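Biologist: Could you pick one part of this model and take me through it closely? I am new to this, so please explain the terms as you go.

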Amino acid sequence: MSAKARKKSPTATKVKKEKEVSKVKPEVKPEVKLIPVYVMGKRYEVPEGLTLMKAMEYAGYKFIRGCGCRGGTCGACGTVYRKPGNYKLQVALACQKTVEPDMHMAQIPFFPANRAQYEFAELTSAPEEVFKLYPELFRCVACNACAKACPQGIEVMDAISALKQGNIAEAALLSFECIQCGLCTSRCFGELAQYHMFQLARRIYGARILPRAEHLAEMIKAINEEKYDDILDELKHVKKDELQKLYQEREEEPVTAGEDWKPKDKKYL
Ligand code: SF4
Ligand code: SF4
Ligand code: FES
């Protein structure tokens, strides 16, 4: 066999490849420690460090409901758990809390808390509106279990006290970061649906208590007076490339701009 032919021989190529492969170091997989957990009473072994949500998925459960953002902001994944040797039931967001050995857990797919029905346009900012819709507000026994359960660190009991005192604004501000997970309600001795009450408070605060934004009113007036109709019509007929160029070259508000920032070109103001 000629040297050229030997070079092309499939056997020679195979041997070369095998030699190359043998030089590659075998992949070292980190050792995963499995720990036992109980999902709805059934024992599973799951990798340490998983969130409750991932552990349940690892065990084979599929979240059709009760899972949204996976980042602790949508409030969909309320879960009740208990640690071994402890009678106490605890609650957490499944996407945030991590598993511990022998933990028992079950997800709360939906919490059927009382949610008052109302026609918002007919509501005023009088505290009695809240009292009428949620009379159970006065069943609060000031136990603070709600605040202890809140994954957002909201002073739930204080916000409820504010509502009882008729201070809707205070309740709205205290509960501003509520993600409507319902975990406070799941622990409440007085059976209050705090998060629905807070939502009502924030609605009333936004629509009836906060001062109106003057610049917004001015802008709405300008729109109603058709100030922007011609400009918008013009844009509708611009070719795609030109539109992209206009967009890319637009003047942007700097991140550090103050409240009084205005663009250099004021023709659209
Ligand atoms: S106040 Fe209640 S519903 Fe809102 S985030 Fe806290 S526990 Fe969840
Ligand atoms: S858990 Fe219920 S009863 Fe206890 S402080 Fe909170 S709202 Fe009041
Ligand atoms: S999935 Fe959204 S808070 Fe957990």
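Modeller: Happy to; we will look at the surroundings of the ligand and then at a helix beside them. This is a predicted model, so local features need pLDDT of at least 70 and side-chain atom pairs count only at pLDDT 80 or more, while totals for chains, interfaces and linings use all residues. Residues are numbered from 1 along each chain as its sequence is written, with chains lettered from A and ligands numbered from 1 in the order in which they are written.

Around ligand 1 there are 15 residues, each with its C-beta atom, placed from the backbone, within 6 Å of the ligand. Cys-150, Cys-178, Cys-181, Cys-184 and Tyr-195 come nearest. This shell has 10 nonpolar residues, 5 polar ones and no charged ones; Cys and Tyr count as nonpolar, Gly as polar, and Asp, Glu, Lys and Arg as charged. Helix 8 (183–186) and helix 9 (194–209) each give the shell at least two residues. A helix here is a DSSP run of H or I, at least four residues long, numbered from the N terminus.

Helices 8 and 9 turn up again at helix 6, where they help cover the buried residues, along with others including helix 4 (127–133), helix 5 (145–149) and helix 7 (168–174). In helix 6 (residues 156–164), those buried residues are Val-156, Met-157, Ala-159, Ile-160, Ala-162 and Leu-163. Buried means that 20 or more other C-beta atoms lie within 10 Å of the residue's own. Just after helix 6 comes Gly-166, with a positive phi of about 80°.

How values were computed
A residue is buried if 20 or more other C-beta atoms lie within 10 Å of its own, exposed if 12 or fewer, and partly exposed in between; C-beta atoms are placed from the backbone. Two residues are in contact if their C-beta atoms, placed from the backbone, lie within 7 Å.
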